[in-house]
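Let's take a walk through this structure together, one residue at a time. Have the sequence and the 3D view open as you read.

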Amino acid sequence: MDTSKMIKAYCLKTKEKNVPMQDAVITKTAKGGYMAGGHDGKGNKMAAILGEAKALQAIADGVATKGF
């Protein structure tokens, strides 16, 4: 999979920045925002808050699945 299109987030456990998120699932928050949840490939869970355009683009590119 092309890692340039993957959602990148901060991993709290390893303190690494811009880690590509694998198996990302986009969900909608109660206030209408978008959030991505997944893991870094080493078993560490990750989450990122996204804007609408970036969330929908990730779904369209096939790097994330729609969870709402």
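What follows is a tour of a few spots in this model, starting with a charged residue and ending with the backbone. Keep in mind that the model is predicted.

Let's begin with Asp 40. You'll find Asp 40 in the loop that runs between strand S4 (34-39) and strand S5 (45-50). Which side chain of opposite charge is nearest to Asp 40, and how far away is it? That side chain is Lys 42, at 5.1 Å. A salt bridge here calls for a nitrogen and a carboxyl oxygen within 4 Å, and Asp 40, although buried, has no salt bridge.

So what does the side chain of Asp 40 pair up with? One partner is backbone: a polar atom of the Asp 40 side chain sits 2.9 Å from the backbone nitrogen of Lys 42. Another is a side chain, that of Asn 44, with which Asp 40 makes a polar contact of 3.1 Å. If you skip residues up to four places away in sequence, Asp 40 also touches Cys 11, Val 19, Pro 20, Gln 22 and Met 46.

Asn 44 deserves its own look. Like Asp 40, Asn 44 is found in the loop between S4 and S5. Asn 44 has a relative accessible area of 11%, so it counts as buried. Again leaving out neighbours within four places in sequence, Asn 44 is in contact with Cys 11, Lys 13, Thr 14, Gly 38 and His 39. Cys 11 turns up in the contacts of Asp 40 and in those of Asn 44, which makes Cys 11 a handy landmark when you rotate the view.

Now back to Lys 42, this time for its side chain. How many salt bridges does the model have? The count is one, and Lys 42 forms it with Glu 16, with the closest N and O atoms 3.6 Å apart. This pair links distant parts of the chain: Lys 42 is in the S4-S5 loop, Glu 16 is in strand S2 (residues 16-20), and 26 residues separate them. Are the two ends buried or exposed? Lys 42 is exposed, at 61% relative accessible area, whereas Glu 16 is partly exposed, at 33%.

Next, the nonpolar interior. As a general backdrop, nonpolar side chains in soluble globular proteins tend to be buried together. Here the largest nonpolar core has 17 residues, and the ones with the most contacts inside it are Ile 7, Met 21, Ile 26, Ala 36, Leu 50 and Ala 64. Which elements each supply at least two residues of this core? They are strand S1 (8-11), strand S3 (22-28), S4, S5 and helix H1 (52-61). S5 gives the largest share, three residues. To see the core from one of its members, pick Ala 64: not counting neighbours within four places in sequence, Ala 64 is in contact with Ile 7, Ala 24, Ile 26, Ala 58 and Ile 59.

Just before Ala 64 in the numbering comes Val 63, in the loop between H1 and S6. Val 63 is buried, with a relative accessible area of 10%. The C-alpha atoms of Val 63 and Gly 51 are 16 Å apart, and the two residues are twelve places apart along the chain.

There's an aromatic pair to find too, and the count is one. Tyr 34 and Phe 68 sit edge-to-face, 5.7 Å from centre to centre, with 65 degrees between the planes. Tyr 34 lies in strand S4 and Phe 68 in the segment after strand S6 (64-66), so the pair ties together parts that are 34 residues apart in sequence. Tyr 34 is buried, at 7% relative accessibility, while Phe 68 is partly exposed, at 40%.

Finish with the backbone. Most residues other than glycine have a negative phi. Lys 15, which is not a glycine, has a positive phi of about 60 degrees. Lys 15 is in the loop between S1 and S2, and at 59% relative accessibility it counts as exposed. Asn 18 also has a positive phi, near 55 degrees. Asn 18 is in strand S2 and is exposed, at 58% relative accessibility.

Note on methods: Residues are numbered from 1 along each chain as its sequence is written. This is a predicted model: local features need pLDDT of at least 70, side-chain atom pairs count only at pLDDT 80 or more; totals for chains, interfaces and linings use all residues. Side-chain values use heavy atoms; hydrogens and water are left out. Helices (H or I, at least four residues) and strands (E, at least two) are DSSP runs, numbered from the N terminus. Buried means under 20% relative accessible area, exposed over 50%, partly exposed in between (1.4 Å probe, protein chains only). Lys and Arg count as positive and Asp and Glu as negative; His and the chain ends are not counted. A polar contact is a pair of N or O atoms within 3.5 Å; within protein, one must be able to donate a hydrogen and the other to accept it, and residues adjacent in sequence count only if both atoms are side-chain atoms. Contact means heavy atoms within 4.5 Å. A nonpolar core is a set of buried Ala, Val, Leu, Ile, Met, Phe, Trp, Tyr and Cys residues joined through side-chain atoms within 4.5 Å. Rings of Phe, Tyr and Trp (its six-membered ring) pair if their centres lie within 6.5 Å; planes under 30 degrees apart count as stacked, over 60 as edge-to-face and the rest as tilted.
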